[in-house]
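Subject: Structure for you to look at

Dear colleague,

Here is the structure that I promised to pass on, with my notes below it. Please keep it open while you read.

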Amino acid sequence: MDRFVCVRIVQGWGLDLAVFQFDWRQAWMVFLMNADRALYGRYDAREADDLIGLRKAMEGALELHDLWPANKPDLAKKVGPAPRWKAPEEIPALQEKGKPRAVVGRDGCIHCHNVLEGTTKSIKALGEPMPERYLAPYPTPQRVGIMLSTKERATVTDIDRRSPAEKAGLIVGDRILKFGGQPILSWADVQWVLYMNPDPEPIGVDVERDGKPATATLVLPAGWRTR
Amino acid sequence: MKTSLLAILALLALPAPPAGDKEKLREALGDQALVGPWIYDDLEAGIAEAARTRKPLMVVLRCVP
């Protein structure tokens, strides 16, 4: 732990939505990043039944930190495009929560789940079509047929039959090193790539299989997010 | 499935409570038993410290339970 600067954020006021984009439905979230606001990886509550996974993600972040800034191009897409609203309090539907202020308890806080709800509510109020990405936000790896161990960064434990993952040739035991060209530290990192993928663009997967590098291409069928 | 954040922090052997005006927040979070140089609700302070020490950051987003 002493190799990290540790920060705990307990409320959403002023949160930089250009950097902190994640599955807002999670109870908590970890961002591993650097002083240049480049992200090494995400880790979410879903994975927390086994904390070995978090430790592995942190080890991976230290490896990426040692390579910084030479790995800057690989990490660039871990942050999404500039958001429409830069902070939660700018989201029209959250204006009713008032102005940013210090928070001690739960009251008066913009919670993480408020961001997703406020965003979709605002889009509806503006009369704009809802992007499919918001209809089915942050698809899990299972949606494309991949089950991952919570004890590792991203090691495949099962593959669904007839899924995009099986068709891509991914197999149990594959260690996903890169997904969509991004270094992967956790399940949440895979989820981020799926969420941001410009469909129907296929996703390149770099794995370590039996100690050797291998590659696969994940082809996502039309409507994969919502069906 | 849901392991509390407190248990996570304890397992990772975090040290040292934050100082001063964050005391009420720390109490609300039940973090009194923790030790270590955690920075509460101040990302910019964390960024500055990371730049100074050349360490990476671990930023935990979790509201008061």
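A polar atom of the A:R42 side chain lies 2.9 Å from the backbone oxygen of A:K78, where a polar contact is a pair of N or O atoms within 3.5 Å, one able to donate a hydrogen and the other to accept it, and residues adjacent in sequence count only if both atoms are side-chain atoms. This is a predicted model, in which local features need pLDDT of at least 70 and side-chain atom pairs pLDDT 80 or more, while totals for chains, interfaces and linings use all residues. Residues are numbered from 1 along each chain as its sequence is written, chains are lettered from A and ligands numbered from 1 in the order written, and side-chain values use heavy atoms, without hydrogens and water.

A:R42 is buried (under 20% relative accessible area, with a 1.4 Å probe and protein chains only), yet A:R42 has no salt bridge, which would need a side-chain nitrogen of Lys or Arg within 4 Å of a carboxyl oxygen of Asp or Glu. The nearest side chain of opposite charge, A:D189, is 4.7 Å away.

A:R42 also helps to line the second largest cavity, together with residues including A:Q21, A:M29 and A:W192; a cavity is a set of points on a 1 Å grid over the protein atoms alone where a 1.4 Å probe fits but cannot get out, and lining residues have an atom within 4 Å of a point. This cavity has a volume of about 30 Å³, volume being the space filled by probe spheres set on the points, which are joined across faces, edges and corners.

Best wishes

Definitions and conventions. Buried means under 20% relative accessible area, exposed over 50%, partly exposed in between (1.4 Å probe, protein chains only). Lys and Arg count as positive and Asp and Glu as negative; His and the chain ends are not counted. On a 1 Å grid over the protein atoms alone, a cavity is a set of points where a 1.4 Å probe fits but cannot get out, and a pocket is an open set with protein on both sides within 12 Å along at least five of seven lines; lining residues have an atom within 4 Å of a point.
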